[in-house]
Amino acid sequence: MQNDRYAAGLAMLERVDGRGGEEVLESVRAISPDFARYLVEFPFGDIYSRSGLDLKSREIAVVAALTAMGNAAPQLRVHIAAALHVGCTRQEIMEVIMQMAVYAGFPAALNGLFAARDVFAEHEGR
(Lines give C-alpha, C1' and ligand atoms only; values in the text may rest on other atoms or scores of the structure.)
Protein backbone atom coordinates (compact mmCIF):
# COMPACT_ATOMS: atom_id res chain seq x y z
CA MET A 1 0.00 0.00 0.00
CA GLN A 2 1.43 3.38 -1.03
CA ASN A 3 0.96 6.49 1.06
CA ASP A 4 1.03 10.07 -0.22
CA ARG A 5 4.68 10.60 0.78
CA TYR A 6 5.74 7.47 -1.07
CA ALA A 7 3.75 8.36 -4.20
CA ALA A 8 5.14 11.92 -4.14
CA GLY A 9 8.64 10.52 -3.60
CA LEU A 10 8.38 8.13 -6.55
CA ALA A 11 7.14 10.92 -8.79
CA MET A 12 10.00 13.18 -7.71
CA LEU A 13 12.56 10.39 -8.13
CA GLU A 14 11.35 9.97 -11.71
CA ARG A 15 11.77 13.71 -12.31
CA VAL A 16 15.27 13.68 -10.84
CA ASP A 17 16.77 10.62 -12.48
CA GLY A 18 14.42 9.94 -15.37
CA ARG A 19 14.32 6.24 -14.60
CA GLY A 20 12.51 6.11 -11.27
CA GLY A 21 15.41 4.44 -9.49
CA GLU A 22 13.73 1.05 -9.72
CA GLU A 23 17.00 -0.91 -9.96
CA VAL A 24 18.37 0.65 -6.77
CA LEU A 25 15.03 0.38 -5.00
CA GLU A 26 14.69 -3.30 -5.87
CA SER A 27 18.17 -4.09 -4.56
CA VAL A 28 17.45 -2.26 -1.30
CA ARG A 29 13.93 -3.73 -1.07
CA ALA A 30 15.45 -7.25 -1.22
CA ILE A 31 17.41 -6.48 1.95
CA SER A 32 15.01 -4.16 3.77
CA PRO A 33 11.61 -3.16 2.37
CA ASP A 34 11.23 -0.55 5.11
CA PHE A 35 14.54 1.11 4.22
CA ALA A 36 13.57 1.20 0.54
CA ARG A 37 10.34 2.96 1.49
CA TYR A 38 12.23 5.49 3.65
CA LEU A 39 14.65 6.05 0.78
CA VAL A 40 11.73 7.21 -1.35
CA GLU A 41 9.60 8.97 1.27
CA PHE A 42 12.14 11.12 3.10
CA PRO A 43 14.65 12.41 0.55
CA PHE A 44 12.33 12.57 -2.44
CA GLY A 45 8.84 12.78 -0.94
CA ASP A 46 9.76 15.27 1.79
CA ILE A 47 13.00 17.09 0.93
CA TYR A 48 13.30 17.19 -2.87
CA SER A 49 9.60 18.11 -3.10
CA ARG A 50 10.10 21.35 -1.16
CA SER A 51 9.83 24.55 -3.15
CA GLY A 52 12.90 26.36 -1.76
CA LEU A 53 15.35 25.14 -4.43
CA ASP A 54 14.97 23.94 -7.98
CA LEU A 55 16.13 20.43 -8.89
CA LYS A 56 19.31 21.68 -10.57
CA SER A 57 20.36 23.52 -7.39
CA ARG A 58 19.52 20.48 -5.27
CA GLU A 59 21.64 18.20 -7.44
CA ILE A 60 24.55 20.65 -7.36
CA ALA A 61 24.36 20.55 -3.56
CA VAL A 62 24.19 16.75 -3.52
CA VAL A 63 27.14 16.38 -5.90
CA ALA A 64 29.13 18.76 -3.67
CA ALA A 65 28.21 16.90 -0.48
CA LEU A 66 28.92 13.44 -1.86
CA THR A 67 32.19 14.61 -3.37
CA ALA A 68 33.21 16.13 -0.04
CA MET A 69 32.40 12.88 1.76
CA GLY A 70 34.97 11.15 -0.42
CA ASN A 71 33.60 7.68 0.30
CA ALA A 72 30.28 7.55 -1.53
CA ALA A 73 31.31 6.91 -5.14
CA PRO A 74 28.27 4.80 -6.12
CA GLN A 75 25.86 7.43 -4.82
CA LEU A 76 27.94 10.21 -6.36
CA ARG A 77 27.74 8.56 -9.78
CA VAL A 78 23.94 8.31 -9.46
CA HIS A 79 23.68 11.98 -8.55
CA ILE A 80 26.08 13.16 -11.26
CA ALA A 81 23.80 11.40 -13.76
CA ALA A 82 20.78 13.00 -12.08
CA ALA A 83 22.47 16.41 -12.25
CA LEU A 84 22.90 15.96 -16.00
CA HIS A 85 19.27 14.87 -16.26
CA VAL A 86 17.94 18.00 -14.51
CA GLY A 87 20.00 20.39 -16.61
CA CYS A 88 23.48 20.71 -15.14
CA THR A 89 26.26 20.88 -17.68
CA ARG A 90 29.44 18.85 -17.48
CA GLN A 91 31.31 22.10 -16.89
CA GLU A 92 29.09 22.99 -13.91
CA ILE A 93 29.59 19.54 -12.42
CA MET A 94 33.35 19.77 -12.85
CA GLU A 95 33.38 23.22 -11.21
CA VAL A 96 31.48 21.85 -8.21
CA ILE A 97 33.94 18.97 -7.87
CA MET A 98 36.95 21.30 -8.18
CA GLN A 99 35.45 23.60 -5.55
CA MET A 100 35.36 20.64 -3.15
CA ALA A 101 39.16 20.30 -3.39
CA VAL A 102 39.36 23.50 -1.35
CA TYR A 103 37.08 22.26 1.44
CA ALA A 104 37.36 18.46 1.35
CA GLY A 105 40.86 17.99 -0.05
CA PHE A 106 42.34 16.71 -3.25
CA PRO A 107 41.73 13.00 -2.57
CA ALA A 108 37.96 13.56 -2.24
CA ALA A 109 37.94 15.82 -5.31
CA LEU A 110 39.93 13.26 -7.32
CA ASN A 111 37.41 10.56 -6.37
CA GLY A 112 34.68 12.91 -7.60
CA LEU A 113 36.58 13.60 -10.81
CA PHE A 114 36.89 9.89 -11.56
CA ALA A 115 33.20 9.32 -10.80
CA ALA A 116 32.31 12.15 -13.20
CA ARG A 117 34.58 10.68 -15.88
CA ASP A 118 32.72 7.36 -15.61
CA VAL A 119 29.27 8.97 -15.77
CA PHE A 120 30.22 11.24 -18.66
CA ALA A 121 31.52 8.21 -20.59
CA GLU A 122 28.27 6.32 -19.95
CA HIS A 123 26.23 9.28 -21.19
CA GLU A 124 28.21 9.68 -24.42
CA GLY A 125 26.56 6.55 -25.81
CA ARG A 126 23.05 7.91 -25.22
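Hi everyone, this is a short walk through one chain, from its overall fold to its cores and a few single residues.

A word on the ground rules before we start. What you see is a predicted model, in which local features need pLDDT of at least 70 and side-chain atom pairs count only at pLDDT 80 or more, while totals for chains, interfaces and linings use all residues. Residues are numbered from 1 along each chain as its sequence is written, and side-chain values use heavy atoms, with hydrogens and water left out.

Let's begin with the fold. The chain has seven helices and zero strands, so from the N terminus on the elements simply read α-α-α-α-α-α-α. Helices here are DSSP runs of H or I with at least four residues, strands are runs of E with at least two, and both are numbered from the N terminus.

How does the radius of gyration sit against that of a compact globule? For 126 residues such a globule would have a value near 14 Å, and the chain has 15 Å, which agrees. That radius is taken over C-alpha atoms, and the globule rule is 2.2 Å times the number of residues to the power 0.38. Along its principal axes, the C-alpha trace spans about 45 × 30 × 30 Å.

Now the surface. About 7,500 Å² of the chain is accessible, and carbon and sulfur atoms account for 59% of that; the areas come from the Shrake-Rupley method with a 1.4 Å probe, and for residues only the protein chains shown count as cover. Of the 126 residues, 37% count as buried. Buried means under 20% relative accessible area, exposed means over 50%, and partly exposed is in between (1.4 Å probe, protein chains only).

On to contacts, meaning heavy atoms within 4.5 Å. Take the contacts between residues at least 6 apart in sequence: 62% of them join residues at least 24 apart.

Which residues have the most contacts inside the largest nonpolar core? They are Val-63, Leu-76, Ile-80, Ile-93, Ile-97, Ala-116 and Phe-120, in a core of 19 residues. Helices α4 (55-69), α5 (73-85), α6 and α7 (106-124) each supply at least two residues of this core. A second, separate core has 11 residues, including Leu-25, Val-40, Leu-55 and Ala-82. By nonpolar core I mean a set of buried Ala, Val, Leu, Ile, Met, Phe, Trp, Tyr and Cys residues joined through side-chain atoms within 4.5 Å.

Two residues give a good view of the packing. Leaving aside neighbours within four places in sequence, Val-63 is in contact with Leu-76, His-79, Ile-80, Ala-83, Val-96 and Ile-97. Then there is Thr-67, which lies in helix α4. Why does Thr-67 count as buried? Because its relative accessibility is 1%. Not counting residues up to four places away in sequence, Thr-67 touches Leu-76, Ile-97, Met-100, Ala-108, Ala-109 and Gly-112.

Let's move to helix α6, residues 90-104, where we find Ala-104. Ala-104 is partly exposed, at 30% relative accessible area. Its C-alpha is 5.0 Å from that of Ala-68, although 36 residues separate the two in sequence. Val-102 is in helix α6 as well, and Val-102 counts as exposed because its relative accessibility is 60%. From Val-102 to Asp-118, 16 residues apart along the chain, the C-alpha separation is 23 Å.

Two last stops. Phe-114 belongs to helix α7 and is partly exposed, with a relative accessible area of 39%; its C-alpha lies 21 Å from that of Val-86, 28 residues away in sequence. Glu-26 sits in helix α2, residues 22-31, and is partly exposed at 42%. Between Glu-26 and Met-12, 14 residues apart in sequence, the C-alpha distance is 17 Å.

That's my tour, and thanks for listening!
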